[in-house]
Amino acid sequence: ESVEIGAVALAIVESIRDMIDRDADELGRLDAIAGDGDHGIGMQRGARAGAAAASDAVAAGAGVGTVLSRAGDAWADKAGGTSGALWGAALRAAGERLGDELRPQAADVASAVDAARAAIQGYGKAAVGDKTMVDALVPFAQGLSARVAAGEALAPAWVAAAVDATDAAEATSALLPRLGRARPHMEKSLGTPDPGAISLARAMTVAGRVLAD
Ligand code: ADP
Ligand code: MG
Ligand code: MG
């Protein structure tokens with residue numbers, strides 16, 4: 001049974017890889033407006049390495065926590081850039097919170113997502129409003145936890161939280177960056193959403209489709 005849930009984690013990481021393969025050029029163009037233009041290529045290197053490591057872990061019979069942790073290690077190792085280190089830390093934190101033994105309940109998954117959020121904010125020190133991926137991640141994690149706490153099943157709660165994250169990512173257009181490489185070009189960033197917030201919201205959206213299947 002734990003192997004089966006590891007396979008769901010693999011399918012999620014693969015769905016993120018496929019989304020990034022599709023959207024890498026667009027994410028790079030978004031990052032080029034006020035940043036250094038490498039967000040698409042960095043996410044692509046990270047997601048491909050993460051999916052390959054998750055696949056190896058599932059083939060070796062690993063449970064969900066190990067699958068996510070190995071994906072995170074490979075992602076951080078190969079991606080480079082700020083977002084790669086943060087995505088790696090997030091996947092590792094989620095894997096450590098879930099562990100391998102249990103069959104996770106919706107509340108366990110919401111708790112793992114919150115551990116990922118805490119890891120990203122712990123390493124990156126960004127708050128909501130700084131125009132980073134945190135602007136999409138915090139509403140996602142809060143929206144998921146609140147819906148699960150209210151008794152909603154995991155898949156619909158996740159899908160609805162991903163809509164919250166998408167709205168929040170788009171709303172970063174109106175913000176000025178206070179952190180990261182976009183900071184020196186802050187006036188150019190106005191009117192354009194944060195690339196890391198957009199990629200995170202899209203990742204949660206495609207992951208929701210996997211869970212809803
Ligand atoms: P780099 O900025 O190193 O070139 P990427 O282009 O891959 O890395 O990622 C840029 C994204 O990383 C930004 O759009 C933002 O969402 C996110 N980011 C940058 N700094 C931070 C931070 N301190 N905390 C959270 N996210 C951050
Ligand atoms: Mg960049
Ligand atoms: Mg860079």
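**Exercise 1. Find which helix gives the largest share of the shell around ligand 1, and describe that shell.**

Helix H4 supplies the largest share of the shell around ligand 1, with 4 residues. Helices here are DSSP runs (H or I, at least four residues; strands are E, at least two), numbered from the N terminus. This is a predicted model, in which local features need pLDDT of at least 70, side-chain atom pairs count only at pLDDT 80 or more, and totals for chains, interfaces and linings use all residues. Residues are numbered from 1 along each chain as its sequence is written, while chains are lettered from A and ligands numbered from 1 in the order in which they are written.

Step 1: look at the shell's residues. There are 24 around ligand 1, and Gly 81, Ser 83, Gly 124, Gly 180 and Gly 196 come nearest. A residue is near a molecule or strand if its C-beta atom, placed from the backbone, lies within 6 Å of it.

Step 2: list the elements that give two or more residues. They are helix H2 (39–59), helix H4 (81–98), helix H5 (106–124) and helix H9 (195–212).

Step 3: sort by class. The shell has 8 nonpolar, 10 polar and 6 charged residues. Here Ala, Val, Leu, Ile, Met, Phe, Trp, Tyr, Cys and Pro count as nonpolar, Asp, Glu, Lys and Arg as charged, and the others, Gly among them, as polar.

**Exercise 2. Place Gly 180 in the structure: is Gly 180 buried or exposed?**

Step 1: locate the residue. Gly 180 sits in the loop between H7 and helix H8 (186–189).

Step 2: count neighbours. Gly 180 is buried because 20 C-beta neighbours lie inside 10 Å. The cut-offs are 20 or more other C-beta atoms within 10 Å for buried, 12 or fewer for exposed, and partly exposed in between, with C-beta atoms placed from the backbone.

Step 3: find the contacts. Not counting residues up to four places away in sequence, Gly 180 touches Thr 82 and Thr 132. Contact means C-beta atoms, placed from the backbone, within 7 Å.

**Exercise 3. Compare Lys 125 and Lys 131: which is buried and which is exposed?**

Step 1: place both. Lys 125 lies in the loop between H5 and H6, and Lys 131 is in the loop between H5 and H6 too.

Step 2: check phi. Lys 125 has a positive phi near 60°, and Lys 131 a positive phi of about 65°, although it is not a glycine.

Step 3: count neighbours. Lys 125 is exposed because it has 11 other C-beta atoms within 10 Å. Lys 131 counts as buried because it has 28 C-beta neighbours inside 10 Å.

**Exercise 4. Describe how H6 and H9 pack.**

Step 1: take the geometry. The helices pack at an angle of about 35°, with axes 7 Å apart. Axes are lines fitted to C-alpha atoms, for helices over the stretch in contact, and angles run from 0 to 180 degrees between N-to-C directions.

Step 2: name the residues. Asp 135, Ala 136, Leu 137 and Phe 140 in H6 meet Ala 197, Leu 200, Ala 201 and Met 204 in H9.

Step 3: sort them. This contact has 7 nonpolar, no polar and 1 charged residues.

**Exercise 5. Follow Ala 90 from its helix to its contacts.**

Step 1: Ala 90 lies in helix H4.

Step 2: Ala 90 is buried because 26 other C-beta atoms lie within 10 Å.

Step 3: leaving aside neighbours within four places in sequence, Ala 90 is in contact with Gly 72, Ala 116, Ala 119 and Ile 120.

Definitions and conventions. Contact = placed C-beta atoms within 7 Å.
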